[in-house]
Amino acid sequence: MITYFSRISKSKYVILIFIAVSFISLLTGEILHGYPLSKVKSAQWTNTRKAPYLIYNGNANQMEVHWQLTSTKTCTIEWGTDTSYSDGSANTAEYGSSHQHKYVIDNLTPGAKYYYKVIAGSDAHTGSFYSAPDTSATQLKFFAYGDTRSHPEDHDKVARGILSEINSNPDFQTLVLSVGDLVSDGEQEYYWDDEFFNESYSHINQMFAELPYQSARGNHEGNCILFNKYFPYPYVNFHYWSFDYGPAHFVVIDQYINYSTGSAQYNWIDNDLAASSKPWKFILLHEPGWTAGGHSNNQDVQNYIQPLCVKYHVPIVFGGHNHYYARADVNGVTHITTGGGGAPLYNPDPSYPNIVVTAKSHHYCKIVLDNNMLYFSAYNVGGTLIDTFSVERNPSGLISNNEVHPAEFYLKQNFPNPFNPQTSIEFSIPQNEFVTLKINDVLGREVATLVNSKQSQGKHSVQFNAGSAICGLPSGIYFYTLRAGGYIATKKMILMK
Ligand SMILES: [Fe+2]
């Protein structure tokens, strides 16, 4: 009898431990990653695990619609040029081992708006897209962003900003480039479900339903098995690929396999860029060659990709990895760090080599191609312009940056530094703002206020004389902090008498 009861107790004990561990792991997910636990599914998501999302496979007459269910179901997809969805319909059966569905809508008229509806049992999802522009098109608009991992609630704000652009100008309903790091751990299905394709984030889901998602692979995609499962682009060797879209050619690089001179990927990139006759060529990757601190500059991009960009007149290399916005200009090639798609923000350092502009904000980039001109702008989730510039392409294909308008918040390192007793501090604000610029010692005590008033848009330079501060200041480390609008930046300086 005693043995019997102790056996029962052990079983209960094991069950209790299992329940406790499950609860703690769920709670830890919420605490560590800052997103809410999955909500109870709505009626629309009864059978849906991933709502329909779009992929452009490089064929201008096609659009791919992908979705995933929680169980085996035959689905129907209908599409057309209006919401009567009368151009066609098809049944789809699942493929693979986890109830994935895919349908390639074909024979599309270039540059036309299409609506589609996916019916999966009691679930019905709708979306729309524009087919790719005609191959002879000379104009194009598109978006770029990246590093969406870990904080889908911030990713959702970025998606909301992108959707608002489409709302105000339907010409922007084309495609969105992503520089990778889509989820915290791309090797775990959990993160794809809860961070990326979570029903709770309506703007993200709407963006996926309305813009083909064209992504590079980041380090957080891990072994890329699940990344390739959910984003099955027509890869070369399972890793890299390129596609045309109107007047643009996009080369998507995988930095987690070899791309040094003579490697298979390098040779492919070289041949691919050489073979493209498109007037505008872009490179999409994850780790930028020139960026503003945090993760260091990627030397392989500097050594192998940059020379190809110069050779083939690539105006912009899109990267991320560092969670902020930064622009670097290197021999006519602009390296954009657009890692503010939702991941925790880093502090960019504008004093890094070749850096022109930085901004610590969740943001997205808008690119407009108009014949021989490229117009670039980046916006934070509040709708504030954080950078803009243009590139001109002359008839021989050479590119030149011009009309550079830094239009952002930044706080530069003081100069000289160390200093005695005088130094200057430069900052920039994109619009008229109330600004404070204060100096504190290492104990946090305020020792000087250099600015405490409304300032006009643009660059400002302020002199600080440590000899004129109260009683003069002793040698040591000091910190200066700029506050303007929602922006705060602090830098260190050294007074050496
Ligand atoms: Fe990364």
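Let's start with strand E3, residues 75–80. Strands here are DSSP runs of E with at least two residues, helices are runs of H or I with at least four, and both are numbered from the N terminus. E3 has a covered face made of Cys75, Ile77 and Trp79, while Thr76, Glu78 and Gly80 make up its uncovered face. In a regular strand the side chains alternate between the two faces of the sheet. Before going on, keep in mind that this is a predicted model: local features need pLDDT of at least 70, side-chain atom pairs count only at pLDDT 80 or more, and totals for chains, interfaces and linings use all residues. Residues are numbered from 1 along each chain as its sequence is written.

Who are the partners of E3? Two strands count as paired if DSSP finds at least two bridges between them. E3 and E4 are antiparallel partners over five bridges, and Trp79 sits opposite Gly88 in E4. E3 also runs antiparallel to E6, with six bridges joining them; here Ile77 has Val118 in E6 as its bridge partner.

Now zoom out a little. These strands belong to an open, antiparallel sheet of four, in the order E4-E3-E6-E7. Its edges are strand E4 (88–92) and strand E7 (123–130), each of which pairs on one side only. On average, neighbouring strands in this sheet are turned by 20 degrees against each other, direction ignored. Strand E6 (residues 113–120) and E7 are joined in the antiparallel sense by eight bridges, and one pair to look for is Lys117 with its bridge partner Thr126 in E7.

There's another sheet to visit. It is open too, has seven strands in the order E11-E12-E13-E14-E16-E15-E17, and its pairing is mixed. Strand E11 (241–245) and strand E17 (355–359) are the edge strands, each pairing on one side only. From one strand to the next, the twist averages 15 degrees. Strand E15 (residues 325–330) pairs with E17 in the antiparallel sense over four bridges, and Tyr325 has Ala359 in E17 as its bridge partner. Helix H7 (residues 299–311) packs on this sheet, touching strand E13 (280–284), strand E14 (316–319), E15 and strand E16 (333–338). Two residues are in contact if their C-beta atoms, placed from the backbone, lie within 7 Å. The direction of H7 makes about 130 degrees with that of E16; axes are lines fitted to C-alpha atoms, for helices over the stretch in contact, and angles run from 0 to 180 degrees between N-to-C directions.

What about two helices packed together? They are described by the angle between their axes and the distance between the axes. Helix H2 (residues 152–168) and helix H4 (residues 202–210) pack at an angle of about 50 degrees, with axes 7 Å apart. That makes H2 oblique to H4, because angles under 35 degrees count as roughly parallel, over 145 as roughly antiparallel, 65 to 115 as roughly perpendicular and the rest as oblique. On the H2 side, the residues that meet H4 include Pro152, His155 and Ile166; among those they meet in H4 are His203, Met207 and Glu210.

Next, the inside of the chain. Of its 497 residues, 44% are buried, where buried means that 20 or more other C-beta atoms lie within 10 Å of the residue's own, exposed means 12 or fewer, and partly exposed is in between. In soluble globular proteins, nonpolar side chains tend to be buried together. The largest nonpolar core (a set of buried Ala, Val, Leu, Ile, Met, Phe, Trp, Tyr and Cys residues joined through C-beta atoms within 7 Å) has 125 residues, and Ile253, Ile283, Leu284 and Phe318 touch the most other members. Leaving out residues up to four places away in sequence, Leu284 touches Leu177, Val179, Ala216, Phe250, Val251, Val252, Ile253 and Phe318.

Finally, is Gln139 buried or partly exposed? Gln139 lies in strand E8 (residues 139–145), and it counts as partly exposed because it has 13 C-beta neighbours inside 10 Å. Gln139 and Ala248 are 109 residues apart in sequence, yet 9.1 Å apart in space, C-alpha to C-alpha.
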